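Keep the structure open in the viewer and follow the stops below in order. Each stop gives a selection and then says what is found there.

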Amino acid sequence: MDLNYQEQSQKLPDGRRVPNRMSANPQERRSYENFTPAGFFDWRRWAPLAAIVISLNIVWWRQPLLHTKALAGAAMTWQIVPLFGYTLTIAIGMTLMMTQNFRSILSYLFLILSILFTFSSLIQTRHEIFILLLLLTGFCAAVQQNWFGLQNWLGLVLFSVLATYTIPISIFYVTNNFVTQRFIWQLLPMLFGFGFYFTPIFMPNPDGRKLSILTLGLFWVTVFSHEMAISTVFIIIFSLLAFILQFVKAKIGNWQHMGYVLMLALSMLLIYH
């Protein structure tokens with residue numbers, strides 16, 4: 001009986017062997033992070049996915065819309081509709097990519113759909129925006145290929161830059177036909193926010209936890225330099241919760257990814273108001 005109990009304790013609920021938690025291999029770590037079994041129609045599968053998609057779109061759209069509203073005579077037009085389609089489909093593709101261990105075949109379908117939105121005449125005629133959006137989609141496809149070697153700190157840096165500057169700048173430019181330097185500088189907290197909150201997603205291993213100390217420090221520097229207010233306290237709390245979440249015994253599957261992205265969205269809502 002003791003032998004059977006020991007064998008069962010070394011297996012995940014779906015019957016697979018428990019991976020080594022001290023492993024430096026991100027693929028092995030991700031197998032441990034995402035093992036909670038759920039049926040196709042189980043709400044435990046779809047609730048985290050919906051929360052991540054909505055959170056990403058909040059992060060991308062809030063600051064461009066606020067900055068546009070602050071400009072004299074600026075107004076939103078129907079020209080941003082193709083961009084909304086792009087952000088929705090790319091968010092779904094990125095969510096599937098993250099929650100399925102960076103090897104989701106289904107995510108490619110939504111990445112292709114996002115490309116189709118970029119061929120709208122409202123986007124394609126703006127060549128710089130067209131190229132930027134294609135770069136983000138191309139990265140999401142490339143990062144899932146192990147031979148590119150992007151599931152590490154380099155991939156994290158590239159993702160943070162593309163996720164921060166591609167979509168918000170596209171939204172602002174399509175709406176106003178120009179981009180201000182002030183708007184670009186205001187995106188720095190978002191840049192380091194993506195860098196910190198996505199560190200455990202790209203690197204769910206001891207190296208990632210060490211790197212998160214650096215990315216957390218850089219994020220705090222940009223937060224303190226942006227604006228000091230009572231909301232800053234809550235941003236610090238959210239980032240500390242995300243940092244601690246890396247050390248929690250990972251039995252929550254996709255809910256862990258939802259936690260990181262949700263706290264990123266809450267932080268951005270408090271920073272940009």
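Select helix 10, residues 188–197, in this predicted model. Eight of the 10 residues in helix 10 are buried, which leaves the helix mostly covered. Show the side chains of Pro-189, Met-190, Leu-191, Gly-193, Phe-194, Gly-195, Phe-196 and Tyr-197: these are the buried residues of helix 10.

Now zoom out to the whole protein chain. How many helices and strands does the protein chain have? There are 14 helices and zero strands. Read from the N terminus on, every element in the order is therefore α, as the run α-α-α-α-α-α-α-α-α-α-α-α-α-α shows. Of the 273 residues in the chain, 52% are buried.

Next, select helix 4 (residues 81–99) together with helix 7 (residues 127–142). Two packed helices are described by the angle between their axes and the distance between the axes. Here the packing angle is about 15°, and the axes lie 10 Å apart. Angles under 35 degrees count as roughly parallel, and helix 4 and helix 7 are therefore roughly parallel to each other. Their crossing is left-handed.

Stay on helix 4 and pick Met-98, which is found in this helix. Is Met-98 buried or exposed? Its relative accessibility is 2%, so Met-98 counts as buried. Add Gln-144 to the selection: the C-alpha atoms of Met-98 and Gln-144 are separated by 9.6 Å, with their positions 46 residues apart along the chain.

Move on to Asn-101, in the loop between helix 4 and helix 5. Asn-101 is a residue other than glycine with a positive phi, near 60°. At 11% relative accessibility, Asn-101 counts as buried.

For a second asparagine, select Asn-177. Where does Asn-177 lie? Its place is the loop between helix 8 (153–176) and helix 9 (181–186). Asn-177 is not a glycine, yet its phi is positive, at about 65°. The relative accessible area of Asn-177 is 49%, and the residue is partly exposed.

Go to the surface and colour Leu-106, Leu-109, Ile-112, Leu-113, Leu-116 and Phe-117. Together these residues form a nonpolar patch with about 520 Å² of accessible area. One of them, Leu-109, is found in helix 5 (residues 105–118). Leu-109 is partly exposed, at a relative accessible area of 44%. An α-helix has 3.6 residues a turn, so residues three or four places apart point the same way.

Select Leu-150, in the loop between helix 7 and helix 8. Leu-150 is buried, with a relative accessible area of 10%. Then add Phe-139: the pair is 11 residues apart in sequence, and the C-alpha to C-alpha distance is 9.2 Å.

The last stop is Phe-234 in helix 13 (residues 230–245). At 44% relative accessibility, Phe-234 counts as partly exposed. Add Leu-270 and draw a line between the two C-alpha atoms: they are separated by 8.2 Å, while the residues are 36 apart along the chain.

Methods. Residues numbered from 1 in each chain as written. Predicted model: local features only at pLDDT ≥ 70, side-chain atom pairs only at ≥ 80, totals over all residues. Heavy atoms only, no water. Patch = residues over 30% accessible without salt bridge, like charges linked within 9 Å, V, L, I, M, F, W, Y side chains within 5 Å. Areas by Shrake-Rupley, 256 points an atom, 1.4 Å probe, with all protein chains shown as cover. Salt bridge = Lys/Arg side-chain N within 4 Å of Asp/Glu carboxyl O. Helix = DSSP H or I, 4+ residues; strand = E, 2+ residues; numbered from the N terminus. Buried < 20%, exposed > 50% of the residue type's maximum accessible area, 1.4 Å probe, protein only. Axes fitted to C-alpha atoms, helices over the stretch in contact; angles between N-to-C directions. Parallel < 35°, antiparallel > 145°, perpendicular 65-115°, else oblique. Left-handed = near helix turned anticlockwise from the far one by under 90°.
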